[in-house]
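Me: I would like to go through the strands and loops of a model by way of short questions. Please show the sequence and structure.

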Amino acid sequence: MEDTYYDEDDNLDDENLPEKPEREHRPRGHRVDQHLTVQEPAELMQFLISSLPHKNRNNIKSLLSNQQVKIDGRVYTQFNQPLRPGQTVTIAATRAPRTAQFRGLTILYEDQHLIVINKQSGILSMATEKQRDHTAYSILSSYVKQENPKNRIFIIHRLDRETSGVMMFARSERVQRLMQETWNETIRQRTYVALVEGVPSPEEGKIESYLRESKALIVYSSQNPENGQLAITNYKTVKEANGYALLELELETGRKNQIRVHMQDLKHPIAGDAKYGAKTDPIGRLGLHAEVLAFEHPITKAAMRFDAPIPKGFLAVLK
């Protein structure tokens with residue numbers, strides 16, 4: 001199935017951990033999460049300082065770095081994240097659990113069925129003819145074999161080498177098949193963020209076109225239904241400055257290079273994406289990041305959601 005193999009912009013060359021069950025009997029003095037409602041526009045640090053008068057700036061920075069601050073359920077670590085009235089800011093009582101880190105990726109979650117990671121830019125999802133070592137697949141394969149040499153992992157979807165963010169692997173062929181065969185029903189949310197050149201007008205909208213790939217591995221966009229597969233991308237501008245904009249993107253389909261081609265169609269290519277029309281490279285990498293992946297667990301049927309914070313470089317361009 002197309003959507004499972006190309007999780008947005010895969011080139012063939014290429015948080016949240018579920019909360020622990022609450023104890024039935026809390027000891028006296030047990031700390032609980034705080035939930036604060038935003039009343040007026042503000043930046044996150046300003047809001048936290050005014051809402052938490054018992055904490056100083058360093059205390060608040062620690063909360064952010066320890067991933068204890070969420071906005072509408074998502075972890076944010078940037079002090080200058082803009083807030084809108086009506087949003088809920090949650091201060092977790094305890095720091096997020098430590099996650100396993102490797103050169104190129106961080107394991108956000110694992111059980112006997114799945115492994116979810118935050119992949120860094122610059123690392124391949126899986127091997128190619130040119131590069132077989134130090135891919136996300138090879139790192140995780142070595143990791144699971146430490147427990148048992150017979151353990152294996154199976155790729156469910158892929159991200160392009162220069163795209164960072166959340167992706168997942170199966171720990172059995174059965175789970176891989178279940179996820180791929182029910183992808184559209186199982187996946188609840190796929191949110192990307194993109195740093196693009198210029199500011200789109202209108203600032204939010206939907207892009208629909210038909211995509212096809214040439215023999216030169218370039219994806220072309222067309223309005224002719226007979227000239228490719230339907231691709232749908234929803235975008236919203238969340239911040240703009242210095243000739244760039246940060247877009248939040250929700251995918252209705254998952255075609256190869258979909259976001260990259262659609263941003264080119266929008267006349268606002270992704271920063272650093274010379275292949276699809278970018279003229280600048282302010283962060284030394286493709287400005288595309290898979291921020292949120294939410295889905296129904298294929299075995300337990302539990303609702304799962306994982307966030308990978310927006311890379312600091314994206315936000316630095318917008319200061």
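Reply: The exchange below treats selected strands, hairpins and loops in turn. The model is predicted, so local features need pLDDT of at least 70 and side-chain atom pairs count only at pLDDT 80 or more, while totals for chains, interfaces and linings use all residues. Residues are numbered from 1 along each chain as its sequence is written, and side-chain values use heavy atoms, with hydrogens and water left out.

Me: Is strand S9 (residues 114-119) largely enclosed or left open by the rest of the structure?

Reply: Strands (E, at least two residues) and helices (H or I, at least four) are DSSP runs numbered from the N terminus. Buried means under 20% relative accessible area, exposed over 50% and partly exposed in between, with a 1.4 Å probe and protein chains only. Leu114, Val116 and Asn118 point one way from S9 and Ile115, Ile117 and Lys119 the other way, and all are buried. Since six of the six residues of S9 are buried, the strand is largely enclosed.

Me: Which residue of strand S11 (residues 164-170) is the bridge partner of Asn118?

Reply: Two strands pair if DSSP finds at least two bridges between them. S9 and S11 pair in the antiparallel sense over six bridges. In S11, the partner of Asn118 is Val166.

Me: Which residue of S9 is the bridge partner of Ile107?

Reply: Strand S8 (residues 105-110) runs antiparallel to S9, and five bridges join the two. A hairpin of three residues links S8 to S9. The partner of Ile107 in S9 is Ile117.

Me: Which strands stand at the edges of the open sheet with the order S1-S6-S3-S4?

Reply: Four strands form this open sheet, and the pairing is antiparallel. Two of them have a single partner strand each, so one side of each is left without a neighbour in the sheet. These are strand S1 (34-37) and strand S4 (74-75).

Me: What angle does the direction of helix H2 (residues 44-51) make with that of S6?

Reply: H2 packs on the sheet, touching S1, strand S3 (69-71) and S6, where contact means heavy atoms within 4.5 Å. Axes are lines fitted to C-alpha atoms, for helices over the stretch in contact, and angles run from 0 to 180 degrees between N-to-C directions. The angle is about 65 degrees.

Me: Is Asn242 buried or exposed?

Reply: Asn242 lies in the loop between strand S15 (229-241) and strand S16 (244-251). Its phi is positive, about 55 degrees, although Asn242 is not a glycine. At 52% relative accessibility, Asn242 counts as exposed.
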